[in-house]
There are 2 protein chains.
Amino acid sequence: MQITRASEYAMLGLLALARRPMGEVVMLDVVAGEEDIPVSFLGKIFQSLARGKLVKSSRGSGGGFMLVRTPESITALEVIEVVEGPVSLTRCLDEDTGCEHASGCALCGLFAEAQDRVKEVFSGTTVAQLAGRHIPGGMVRNARGRERIVFRSQQSQAGSSLAEKSAV
Amino acid sequence: MQITRASEYAMLGLLALARRPMGEVVMLDVVAGEEDIPVSFLGKIFQSLARGKLVKSSRGSGGGFMLVRTPESITALEVIEVVEGPVSLTRCLDEDTGCEHASGCALCGLFAEAQDRVKEVFSGTTVAQLAGRHIPGGMVRNARGRERIVFRSQQSQAGSSLAEKSAV
DNA sequence: ATCAAGCGGACCAAATTGGTCCTGTTTAAA
DNA sequence: TTTAAACAGGACCAATTTGGTCCGCTTGAT
């Protein structure tokens, strides 16, 4: 279960759509600007989201992207799997290759359990829930135009486990 | 939380030691042979394990590796962190860089929770427990010598979620 | 002394990540 | 009916990570 930038950006992009009235069409560079994502990369990601039927695109002037499902119905797991494909925590759990350590490999069971826990968390969280907690960030409009503001001090909310420094 | 071959091999290597009486010294190529791991790569990994005080090495003839702690006291999480370093599910949770999406990034919270679940699983499993479930596998001796045997049919035990094929 | 074994650094190829860029198509609007 | 706006999709790219190999060095037992 590898969470890359692409998944992060996909979720942030969906949050940008979810903040708006359902069905509203938003241009790529607007989303990219709000969430501070490279627009060309976000384009690729939204292509995936469109193929995965999470958003619909319309072309031509006045075009852009809109949600095709309610934010309440889209889980984080769906988003991740649409952009990353059917991912797995290790190659042991990969659909194609499978575990190569053969017969009684105890590790597979362990990894499978860990992966299931992760999937539980992600499948139990919807875009709507995230949107509720999310403040767009990145760019903030002030008197002189657009300026990047970063609140380093707020990182600590990210998780208790961040503090534990282990051996390297 | 990225589980690479190195972590897998490290655990398998420790299992090989755990199968033996505590304190027994085992050579690298014996472990590598039992678990079907490239010996030179396993050497690197055991160097890490030695630095992480999970095993002790002795050099010269008759040398090899031995556990310095009981299999019951070594958790999977420790092993992973010794070989991979302080890993995180995403860059958002990385100690150094931290979340770059600024202020109210809801994703960090989500990722942190998922990561904590994974850590729970790994910190709740010991090498001893794994050793109990593990059958060395990989190589099986038969009449004509050594032959690689793979039990494809046993993959399915790895997790129910493996079957769900999502769009790519 | 000598041989067996791990140590540690240099090196390597392949895959993945995180993008960019350019040439289409589609569509709305002038 | 142009034309310009906007996404689609493929090619390409550099940097990093992964998964190793190799070789000369050091250590330790006989």
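Colleague: Which atom of DNA strand C is 2.3 Å from the side chain of B:R91?

Modeller: A polar contact is a pair of N or O atoms within 3.5 Å; within protein, one must be able to donate a hydrogen and the other to accept it, and residues adjacent in sequence count only if both atoms are side-chain atoms. For B:R91, a side-chain N or O atom is 2.3 Å from a phosphate oxygen of DNA strand C. This is a predicted model: local features need pLDDT of at least 70, side-chain atom pairs count only at pLDDT 80 or more, and totals for chains, interfaces and linings use all residues. Residues are numbered from 1 along each chain as its sequence is written, chains are lettered from A and ligands numbered from 1 in the order in which they are written, and side-chain values use heavy atoms, with hydrogens and water left out.

Colleague: Which part of DNA strand C does B:K44 reach?

Modeller: B:K44 reaches a base: a polar side-chain atom of B:K44 lies 2.4 Å from a base oxygen of DNA strand C. From chain A, the side chain of A:Q2 has an N or O atom 2.6 Å from a phosphate oxygen of this strand.

Colleague: How many residues surround DNA strand C?

Modeller: A residue is near a strand if one of its heavy atoms lies within 4 Å of it. For DNA strand C there are 25 such residues, with A:S40, B:K44, B:S57, B:R59 and B:R91 the closest. They divide into six nonpolar, twelve polar and seven charged, where Ala, Val, Leu, Ile, Met, Phe, Trp, Tyr, Cys and Pro count as nonpolar, Asp, Glu, Lys and Arg as charged, and the others, Gly among them, as polar. On the DNA side, 72% of the atoms of strand C within 4 Å of the protein belong to sugar or phosphate, and the rest to bases.

Colleague: Which elements supply at least two residues each to the surface near DNA strand C?

Modeller: Helices (H or I, at least four residues) and strands (E, at least two) are DSSP runs, numbered from the N terminus. Chain A supplies helix 1 (5–18) and helix 3, and chain B supplies helix 3, strand 1 (55–58) and strand 2 (64–67).

Colleague: What does A:K44 meet on DNA strand D?

Modeller: A polar side-chain atom of A:K44 lies 2.4 Å from a base oxygen of DNA strand D. A:R59 has a side-chain N or O atom 2.6 Å from a sugar or linking oxygen of that strand, and for A:R51 the partner is a phosphate oxygen at 3.2 Å. Two or more residues of the surface near DNA strand D come from each of helix 3, strand 1 and strand 2 of chain A, and from each of helix 1 (5–18) and helix 3 of chain B. DNA strand D is surrounded by 26 residues, the closest being A:K44, A:R59, A:R91, B:S40 and B:R59.

Colleague: Which residues are buried in helix 3 of chain A?

Modeller: Buried means under 20% relative accessible area, exposed over 50%, and partly exposed in between (1.4 Å probe, protein chains only). An α-helix has 3.6 residues a turn, so residues three or four places apart point the same way. In helix 3 of chain A the buried residues are A:L42, A:G43, A:I45, A:F46, A:S48 and A:L49. Their packing partners are helix 1, helix 2, strand 1 (55–58), strand 2 (64–67) and helix 4 (76–84) of chain A. After the helix comes A:K53, whose phi is positive, near 65 degrees.

Colleague: How many helices and strands does chain A have?

Modeller: Chain A has six helices and four strands, in the order α-α-α-β-β-α-α-α-β-β along the sequence. Of its 168 residues, 49% count as buried.

Colleague: Where is A:D36 found?

Modeller: A:D36 is in the loop between helix 2 (28–35) and helix 3 (39–51) of chain A. Its phi is positive, about 60 degrees, although A:D36 is not a glycine. With a relative accessible area of 31%, A:D36 is partly exposed. In chain B, B:D36 also has a positive phi, near 60 degrees, and counts as partly exposed at 30%.

Colleague: How many disulfides does a search of the whole structure find?

Modeller: A disulfide is a covalent bond between the sulfur atoms of two cysteines. The search takes a pair of cysteine sulfur atoms within 2.5 Å, and finds zero over all chains. A:C108 is buried, at 5% relative accessible area, and B:C108 is buried at 4%.

Notes:
Contact = heavy atoms within 4.5 Å.
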